[in-house]
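Me: I should like a close look at a single part of this predicted model: the enclosed empty space inside the protein, and the elements that surround it. Please set that part in its context and describe it in one connected account.

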Amino acid sequence: MDYTTTQGGFRQQPNMRLRNSSVDGPDGSQLFEDTSGSKPQAVYGNEQTAPPAAGFPGQSILSDPMSNLAMAYGSSLASHGKEMVDKNLDRFIPISKLKYYFAVDTMYVGRKLGLLIFPYMHENWEVSYQQDTPVAPRYDVNAPDLYIPSMGFITYVLVAGLALGTQNRFSPELLGVQASSALVWLVMEVLAVLLSLYLVTVNTDLTTIDLLAFSGYKYVGMIVGVVAGLLFGRPAYYLALLWCCAAIFVFMIRTLRLKLLSEAAAEGRLVRGARNQLRMYLTMSIAAAQPIFMYWLTYHLIR
C-alpha cells in the first residue's frame with residue numbers, strides 16, 4: 001500500500017476501484033467476470049425465445065369504437081325500457097293526472113281549509129277552465145286536490161294515536177287498525193259512489209280521483225273535532241264535530257250539484273224528471289254520508 005506522510009503521522013491512501021474494473025486474484029487472474037456492460041448472451045440449446053403474449057379475448061371488444069357503440073346501444077335500450085314502463089304504469093296509475101291534484105301552494109291550502117270550515121259565505125263554486133282544461137288548484141280554490149285529503153288522513157292517524165295515548169290505550173296494533181279501518185271505509189265509499197253513478201247513468205266529468213278528493217275532505221272536520229275534545233272535553237268535541245258536519249254537508253251539496261246536475265246548472269233552472277230526481281237523491285246521499293263517517297271514525301277516541 002501507498003502511504004503519504006502527514007504532519008501527524010501516516011495516512012493510508014484509499015484504494016479506489018473503478019465501476020467497470022474487475023477484482024483480481026493473488027496471481028493476477030480475474031475472479032469474477034464483469035457483465036454489467038456486456039450485451040446479453042444468446043440462448044443456446046433447445047431453449048427458444050418466448051413469443052409475445054397475446055391479448056385476452058375481450059381486448060378487442062373494449063377498444064374505443066366498440067365500447068362507444070355498446071354504451072350507445074345500452075343507453076337506447078334503457079330509454080326504451082323506461083318509456084315502456086311509464087306507458088304501462090300510466091294505464092293503471094295516471095301519474096300525469098296526479099301531478100295536477102298536488103299543484104297547490106300555501107295560499108290555496110289556507111283558503112281551502114277556510115272554505116271547508118266555513119263554506120256559507122262562498123258564492124262562486126264553479127271550477128275555472130283554460131282552453132277546456134281545468135286550471136291548477138293553486139289558481140282556483142274550487143278545484144279538487146289530493147294534498148289536503150292525504151295530509152288530513154296522516155294527521156288524523158297521528159291525532160288518533162295521541163288520543164289513545166292520553167287514555168293509556170295506545171298500541172301499534174290498535175293504531176294500525178284505526179288507520180286501516182279509515183282507509184277501508186274511504187275506499188268503500190268511493191266504490192259505492194261509482195256504482196251509484198253507473199246505475200243512475202249520470203253523464204259527468206267527475207273522475208275517481210275527484211271522488212277520492214271530495215271524500216277525503218272530511219278528515220279536516222274529524223281532526224278539528226278530536227282536537228277540541230282532547231283540549232276541552234266531550235262537550236267541545238260534539239260542538240266542533242256538529243259544526244264541521246254541517247260545513248262539509250253544505251260544501252258537498254254546493255260542489256257536487258254542479259257536477260251531477262250539470263244539465264240543470266247549464267240551463268239555470270231545475271229540470272224536472274225521474275232521472276234528475278235520482279241525481280238529486282244521489283247528491284244528497286253523498287253529502288249526508290260524510291257526517292256519518294266523521295262520527296263513526298271519531299266517537300271512540302274521546303272519553
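**Internal cavities and their surroundings**

Reply: In this protein of 303 residues, 32% are buried. The model is a predicted one. Its secondary structure comprises 10 helices and two strands, and along the sequence the order is β-β-α-α-α-α-α-α-α-α-α-α. Among contacts with a separation of 6 or more, 70% join residues that are 24 or more positions apart.

The cavities come next. Searching the whole structure gives two cavities of 30 Å³ or more. The largest has a volume of about 40 Å³, and the second largest has a volume of about 30 Å³.

The lining of the largest cavity consists of Leu-116, Tyr-217, Lys-218, Val-220, Gly-221, Cys-244, Ile-248 and Met-294. Two helices, α7 (218–232) and α8, each contribute at least two of these residues. Helix α7 gives the most to this lining, with three residues. By class, the lining of the largest cavity holds six nonpolar residues, one polar residue and one charged residue.

The second largest cavity is lined by Ala-182, Trp-185, Leu-186, Glu-189, Lys-218, Tyr-219, Phe-293 and Leu-297. Here the elements that give two or more residues are α5 (172–200) and α7. Helix α5 gives the most, with four residues. Six residues of this lining are nonpolar, none is polar and two are charged. Lys-218 appears in the lining of the largest cavity and also in that of the second largest. Helix α7, likewise, supplies at least two residues to the largest cavity and two or more to the second largest.

The surroundings of the largest cavity can be followed further through a helix packing. Helix α3 (residues 106–117) packs against helix α8 (residues 234–260) at an angle of about 105 degrees, and their axes are 7 Å apart. Because of that angle, α3 is roughly perpendicular to α8. On the α3 side the contact is made by Lys-112, Leu-115, Leu-116 and Ile-117, and on the α8 side by Trp-243, Cys-244, Ala-247, Ile-248 and Phe-251. These residues divide into eight nonpolar, no polar and one charged. Leu-116, Cys-244 and Ile-248 take part in this contact, and these three residues also belong to the lining of the largest cavity.

Further along α8 lies Thr-255. Thr-255 counts as buried because its relative accessibility is 7%, the cut-off for that class being under 20%. With residues up to four places away in sequence left aside, Thr-255 touches Trp-125 and Phe-214.

Phe-214 falls within the range of α6 (208–216), which leads to the open space of the model. The largest pocket contains about 270 Å³ of space. It is lined by 13 residues, and the closest to its centre are Tyr-100, Tyr-101, Pro-134, Thr-207 and Asp-210. The elements that give two or more residues to this lining are α2 (95–101) and α6. Helix α2 provides the largest share, four residues. In the pocket lining, seven residues are nonpolar, two are polar and four are charged. The lining of the largest cavity, by comparison, has one charged residue, and that of the second largest cavity has two.

Two loop residues complete the account, both with respect to backbone geometry. Most residues other than glycine have a negative phi. Asp-132, which is not a glycine, has a positive phi of about 60 degrees. Asp-132 is located in the loop between α3 and α4 (147–166). Asp-132 counts as exposed because its relative accessibility is 78%. Asn-168 is not a glycine either, and has a positive phi of about 60 degrees. Asn-168 occurs in the loop between α4 and α5. With a relative accessible area of 75%, Asn-168 is exposed. The loop of Asp-132 thus joins on to α3, the helix that packs against α8, and the loop of Asn-168 joins on to α5, the helix that gives the most to the lining of the second largest cavity.

Methods
Residues are numbered from 1 along each chain as its sequence is written. This is a predicted model: local features need pLDDT of at least 70, side-chain atom pairs count only at pLDDT 80 or more; totals for chains, interfaces and linings use all residues. Side-chain values use heavy atoms; hydrogens and water are left out. Axes are lines fitted to C-alpha atoms, for helices over the stretch in contact, and angles run from 0 to 180 degrees between N-to-C directions. Angles under 35 degrees count as roughly parallel, over 145 as roughly antiparallel, 65 to 115 as roughly perpendicular and the rest as oblique. Contact means heavy atoms within 4.5 Å. Ala, Val, Leu, Ile, Met, Phe, Trp, Tyr, Cys and Pro count as nonpolar, Asp, Glu, Lys and Arg as charged, and the others, Gly among them, as polar. On a 1 Å grid over the protein atoms alone, a cavity is a set of points where a 1.4 Å probe fits but cannot get out, and a pocket is an open set with protein on both sides within 12 Å along at least five of seven lines; lining residues have an atom within 4 Å of a point. Grid points are joined across faces, edges and corners, and a volume is the space filled by probe spheres set on the points. Buried means under 20% relative accessible area, exposed over 50%, partly exposed in between (1.4 Å probe, protein chains only).
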